[in-house]
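Subject: Structure handover

Hello,

Here is the structure we talked about. Please open it alongside this note.

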Amino acid sequence: MARIGIMGSAALVMVIAAGGGSAGAQIVNGSFETGVAYGSGLSIFSPGTPAPWVATSFTPDLYDNTGADGWGIGGIPQYDNMFKGMAACQGHRFIGFAASTAFGGINEAFEQTTAPLIPGQQYLLSACLAADDLGKAVPYGGPYAGRGEVSVLLDGNFIGTLTQNTASLTWESRSFTFIAPPSSTAVFEFIAQLDPSGPGGPASSYIGMDDIACTAVPGPGALALLGVAGFVTSRRRVR
Ligand SMILES: [Ca+2]
């Protein structure tokens, strides 16, 4: 009984030091696995963002490897089978969205409002990124030949970039850290950007995104307590 008490209080203090339970994971449905994406049927002219995600610029597309609610593993037919054969980074669904120099410039985007952030707390924002840079979808803002990057805004203020991919049609992990401002309404927006290093200048890009997470980074105090917890655990094992 006494042992359980020690473990319990150590775990509780760790959570407090890390900024409280609600600060652990801000993004909901960051892997796009739940919720209806295309309630009225598949259309490239409708946003495919399942709740609580909301499209804020044009129409991001949902891919669903099962084909149940989104563009299947064959890709989007109208986009010359964009992301054909691409399995999700996590689970079976992911989002695809475009940055294009066509039509006067397009930067597709989506957002969600999360649980409140803790002022001054450091957070890690991470995601999987991929790019279909095979020059597809000429009538729809293409050819998309770049590997673009993603700007992340908090309450409309830039907080970081998820940098461009280094290979075609390959999921790569991207992340950055930021400090929560003194006050925030916790609106995270993700905006597709052109490939900044295209051979002929910034290049139109079609970007896949999955497994978006925003987690509180434990401070030194929390790390010390993790050490204490490890000590307690190892003592238990010895006994
Ligand atoms: Ca997913």
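Below is what turned up, feature by feature.

Please keep in mind that this is a predicted model.

The sheet

Five strands make up an open sheet, and their order is β1-β5-β10-β7-β8. The pairing is antiparallel. β1 (54–57) and β8 (157–162) are the edge strands. Each has a single partner strand, so one side of each has no neighbour in the sheet. From one strand to the next, the twist averages 30°.

Look also at β7 (residues 149–154) and β10 (residues 187–193). Six bridges join these two antiparallel strands. To find the register, start at Glu149: its bridge partner in β10 is Gln193.

The calcium site

Which residues hold the protein donors of the calcium ion? They are Ser31, Glu33, Gln90, Arg93 and Asp210. Ser31 gives both O and OG. Glu33 donates through OE, and Asp210 is listed twice with OD. Gln90 and Arg93 each use O. The donors lie 2.2 to 2.7 Å from the ion. Along the chain, the spacing reads S-x1-E-x56-Q-x2-R-x116-D.

Two of these donors come from separate loops. Ser31 is in the loop between α1 (2–17) and β1, while Gln90 is in the loop between β2 (61–64) and β3 (93–100). The pair therefore ties together parts that are 59 residues apart in sequence. Ser31 counts as buried, at 10% relative accessibility. Gln90 is partly exposed, with a relative accessible area of 34%.

The loop between β2 and β3

This loop comes up again and again below. Gly85 lies in it. Is Gly85 buried or exposed? Gly85 is exposed, because its relative accessible area is 53% and the cut-off for exposed is over 50%. Gly85 and Asn65 are 20 residues apart in sequence, and their C-alpha atoms are 8.6 Å apart.

The disulfide

The search of the whole structure found one disulfide. Cys89 is joined to Cys128, with an S to S distance of 2.1 Å. Cys89 sits in the loop between β2 and β3, and Cys128 in strand β6 (residues 122–131). These are distant parts of the chain, 39 residues apart. Cys89 is partly exposed, at a relative accessible area of 30%. Cys128 is buried, at 6%. Cys214 also counts as buried, at 1% relative accessibility.

The aromatic rings

The count comes to 19 aromatic pairs. Two are worth opening in the viewer.

Phe83 and Tyr206 form a tilted pair, 5.7 Å centre to centre with 50° between the planes. Phe83 is in the loop between β2 and β3, and Tyr206 is in strand β11 (residues 205–216). The two are 123 residues apart, so to speak of distant parts of the chain is fair. Both Phe83 and Tyr206 are buried.

Phe110 and Phe190 have ring centres 5.7 Å apart and planes at 25°, so this pair is stacked. Phe110 belongs to strand β5 (residues 109–113) and Phe190 to strand β10. The pair ties together parts that are 80 residues apart in sequence. Phe110 and Phe190 are both buried.

There is also an aromatic cluster to look at. Tyr63, Tyr79, Phe83, Phe94, Tyr140, Tyr144, Trp171 and Tyr206 form it.

Best wishes

Note on methods:
Residues numbered from 1 in each chain as written. Predicted model: local features only at pLDDT ≥ 70, side-chain atom pairs only at ≥ 80, totals over all residues. Heavy atoms only, no water. Pairing = 2+ DSSP bridges. Helix = DSSP H or I, 4+ residues; strand = E, 2+ residues; numbered from the N terminus. Axes fitted to C-alpha atoms, helices over the stretch in contact; angles between N-to-C directions. Donors = N, O, S within 2.8 Å, 3.2 Å for Na, K, Ca; no water. Buried < 20%, exposed > 50% of the residue type's maximum accessible area, 1.4 Å probe, protein only. Phe/Tyr/Trp six-rings, centres within 6.5 Å; stacked < 30°, edge-to-face > 60°. Disulfide = S-S within 2.5 Å.
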